[in-house]
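Trainee: I'm new to this one, so could you walk me closely through a single part of it? I'd like to hear about the aromatic rings.

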Amino acid sequence: MTTVAEGAVKRLLTSETTASLRTRYEGSNICTWIGFKHINYLVEEAILCHFADADLPARALYAEHGLGVDIVDLDTRILHALYMDETVRAQVVPSAGDDDTFISFTVSLHADRDGADTKVVGANAKVVLRSDSYVEAAGEPPAELARFVTDRLSTPGAVAPEPPELTGADLTAVTTSLSAGRGTSGPDPVLDLLTSGKNAFGWKWRIPYPYCHFSERLQMSSYLRQMEEVVDLFLADRGISVKTLLDERRWIPACPHSRIQILDEALMEEDLYTVYTVENVFKDFTYTSRMDCYVVRDGRLVPTATGKVTHGYALIENRRDWNLINFDERVSKALRGES
């Protein structure tokens, strides 16, 4: 059985850490504000820094012990905007109960606001260690880490959606179109089945290798990209695309809250079926939606992830300022699926 440095696991599970992180230029898509996806990337980076500070960096865990660090549950609230070229202070607090098979992390991002240290983001995450079975057998994990090791990703306690059963006709269509292209939001028998009777939008997409890690599986950061992409496609499908409202009104989507839970593994070059369902429009000010992801495997639909996201709209006042605004009738009807 392999071992780790003395005291490393204790530091991982009990020591609070602080890291100085910088926002990524790529995440500044509208003026100089950083989008929710890249804010979540900062949370992920803070957790990886915590592993490294405990002398258990992700690279060494994989290379030496065959263990992949995987975030399987990420729940993030954005309290204040983050900006291009901004440095944040990330505080990471770990915890794990005696019977937990995952490590919990509370992550807070702090930034200067008018001379005061201000909490701008709060997040909770669950992390497991995935035993490698693709390149070579991992062997027995270090005893101190063994309870966090899994041979398949999932979020403990997460509730998976109950997928419909596929008929023979559906399965034939899926088989003939598998990995045929980068994706479709048009006619597809599985998408039709998943969205029927719902205020929902469906997207079929072939998982490319840049979205995967550890040689085979879709990672949490890629599900964040998936959530961002499906919202963009949904809005365009409803006639209120991001560019349309930017050009016409200088409105941009604003996301204060997101959560994604991995339920099972989705693999490179599988077709991922993503269903985006609007669940509630609250006082024409915010709306909450659900994202469910599936693959077709062994003749059935397998849920691989589920998530929630809240959106509002902000009016761009100038290159520096924006304000949240109420939806008008056109946007409200589009979100509700009303003609």
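Mentor: Sure, but a bit of background before we zoom in. Keep in mind that this is a predicted model. The surface that the protein chain leaves accessible is about 15,800 Å², and carbon and sulfur atoms account for 48% of it. Eight helices and 17 strands make up its secondary structure, and 50% of the 339 residues are buried. Take the contacts between residues at least 6 apart in sequence: 72% of them join residues at least 24 apart.

Now for the rings. The count of aromatic pairs comes to nine. One of them is Trp205 with Tyr211, an edge-to-face pair with 4.9 Å from centre to centre and 65 degrees between the planes. Are these two buried or exposed? Both Trp205 and Tyr211 are buried.

Let's move on to Trp251 and Tyr313. Their rings make a tilted pair, 5.7 Å centre to centre, with the planes at 45 degrees. Here the pair ties together distant parts of the chain: Trp251 belongs to strand 13 (residues 251-262) and Tyr313 to strand 16 (residues 300-316), so to speak 62 residues apart. Why does Trp251 count as buried? Its relative accessibility is 11%, and the cut-off for buried is under 20%. Tyr313 is buried too, since its relative accessible area is 2%.

That pair also has company: Trp251 and Tyr313 belong to one aromatic cluster together with Tyr287 and Phe327.

Terms used. Residues numbered from 1 in each chain as written. Predicted model: local features only at pLDDT ≥ 70, side-chain atom pairs only at ≥ 80, totals over all residues. Heavy atoms only, no water. Helix = DSSP H or I, 4+ residues; strand = E, 2+ residues; numbered from the N terminus. Buried < 20%, exposed > 50% of the residue type's maximum accessible area, 1.4 Å probe, protein only. Contact = heavy atoms within 4.5 Å. Areas by Shrake-Rupley, 256 points an atom, 1.4 Å probe, with all protein chains shown as cover. Phe/Tyr/Trp six-rings, centres within 6.5 Å; stacked < 30°, edge-to-face > 60°.
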